[in-house]
Amino acid sequence: MMDLLSSPLVAGAGLFLSFLLAVGVLLKAMGMLDGPEVRGTHRDWKKDEDPALASDASPILSNLDKLQWIVMSRISRRLAPVLFPPPQLNFYDVNEHPGVEGLVAVTIDDCFCRQDDEKKSMIKDVKALLKKGNAKVTCFATLNYSEGKWREKQISDLLKDGHELANHCSDDREYDQDSADSFEESLLTTDKWIKKMTGSKTPCKWFRAPSGKTSPVIMEVLAKHKMVNVMLDGYANDPHIPDSDFISKTMLTAAQSGSILIIHWPEKGFREWNVRAMEMLFEGLKEKGLKCVTLSELESAAKKKKK
């Protein structure tokens, strides 16, 4: 751990990110980071600060974010274990797990549709996109965006293509301040739904803490249920950077054998830019000779012994 922290590359990146943070604070104080007046008009179904449309985002803040994630994408393998230390899972090192050669896992957060309107769902659109790209993904389901007759029918059709579900808790919020009982209730309620959807009798192994925020309580509850908090080594802050080209290129810069990449689920009127970002991401992974598999498939490949 100390070797990672003392790495000149990581230290330099830390100074650069600190500079960006200071600039961001200054611009925020000057009122220069606010998007158009449309920001906040969708607060009944999303987080206040998340842009729904590209026009909601602050151009200045988006460009500052881009600088940050350009740097992060180049050092993610070194930085991820510092930010999210074991037993959290960030990637599989091909030197330790040669079976992951040529494989990556694309994981999708905040699945599947927060708006209670079937016409807003893009589950069918993403399903078609994944089929076209010959990609298998792991969908981290937020329970409140996944329950309901029409959602569950579309999700069942998605699962038939070989994709898998994982646990992102009941609500789209951080749980790091929750008590053990409160967090465990949300975790297990979501797990019960996953079992219903998949027909599995065992708990889903894969969990991701919303916003990546954990606590000793969260880690203890996960260990109790033999679940793993899955983080990443490839990300482009897609909820706040409505630029499909940037998102795909930044994630592709980080992607290598054994990578775990994160992007967020789109729906009509919310994060729609991620549809095109996904399409370009899967095309780019193919060009790099990387096959997109589920987390469970990546884990199985990692366990294979050298021949």
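Modeller: Let's agree on words: a contact means heavy atoms within 4.5 Å, while helices (H or I, at least four residues) and strands (E, at least two) are DSSP runs, numbered from the N terminus. This is a predicted model, in which local features need pLDDT of at least 70, side-chain atom pairs count only at pLDDT 80 or more, and totals for chains, interfaces and linings use all residues. Residues are numbered from 1 along each chain as its sequence is written, and side-chain values use heavy atoms, with hydrogens and water left out.

Biologist: Happy with that! How many helices and strands does the protein have?

Modeller: Let me set the scene with the contacts first. Among those between residues at least 6 apart in sequence, 80% join residues at least 24 apart. The secondary structure that goes with them comes to 10 helices and seven strands.

Biologist: What share of the residues is buried?

Modeller: Buried means under 20% relative accessible area, exposed over 50%, and partly exposed in between, using a 1.4 Å probe and protein chains only. The protein has 307 residues, and the buried ones make up 53%.

Biologist: Where does pLDDT stay under 50?

Modeller: pLDDT is the predictor's confidence in each residue, from 0 to 100. Its mean over the protein is 89, and 84% of the residues reach 70 or more. One stretch where pLDDT stays under 50, with 10 contacts beyond four places in sequence, is residues 29-33. Another stretch below 50, with 14 contacts beyond near neighbours in sequence, is residues 36-42.

Biologist: On to the helices. Why is α8 described as largely enclosed by the rest of the structure?

Modeller: Helix α8 covers residues 244-254. Among its buried residues are Phe246, Ile247, Met251 and Leu252. Helix α8 is largely enclosed because the number of its 11 residues that are buried is eight.

Biologist: Which elements do the buried residues of α8 pack against?

Modeller: At the start of α8, a side-chain oxygen of Asp243 reaches to within 3.2 Å of the backbone nitrogen of Asp245. The buried residues of the helix, including Ser244 and Ala254, pack against α3 (59-83), β6 and α9.

Biologist: Since β6 came up, which of its residues cover one side and which the other?

Modeller: In a regular strand the side chains alternate between the two faces of the sheet. Five of the five residues of β6 are buried. Leu261 and Ile263 lie on one side, and on the other are Ile260, Ile262 and His264.

Biologist: What is the bridge partner of Asp109 in β6?

Modeller: Two strands pair if DSSP finds at least two bridges between them. Strand β1 (residues 103-111) runs parallel to β6 and is joined to it by five bridges. In β6, the partner of Asp109 is His264.

Biologist: Which side chain does the side chain of Arg271 make a polar contact with?

Modeller: Arg271 lies in the loop between β6 (260-264) and α9 (273-287), and it is buried, with a relative accessible area of 1%. Not counting residues up to four places away in sequence, Arg271 touches eight residues by name, among them Asp50, Arg114, His264 and Trp265. A polar contact is a pair of N or O atoms within 3.5 Å; within protein, one must be able to donate a hydrogen and the other to accept it, and residues adjacent in sequence count only if both atoms are side-chain atoms. At 3.0 Å, the partner is Asp110.

Biologist: What is the phi of Asp110?

Modeller: Most residues other than glycine have a negative phi, and most peptide bonds are trans. Asp110 sits in strand β1 and is buried, with a relative accessible area of 5%. Its phi is positive, near 60 degrees.

Biologist: Which residue does a cis peptide bond join to Cys111?

Modeller: The residue sits in the loop between β1 and α4 (123-132). With omega about 15 degrees, the bond joins Cys111 to Phe112.

Biologist: Last one: how many disulfides does the structure hold?

Modeller: A disulfide is counted as a pair of cysteine sulfur atoms within 2.5 Å. Cys139 is buried, with a relative accessible area of 1%. Its sulfur is 4.5 Å from the closest cysteine sulfur, in Cys111, so it is too far for a bond. The count of disulfides in the structure is zero.
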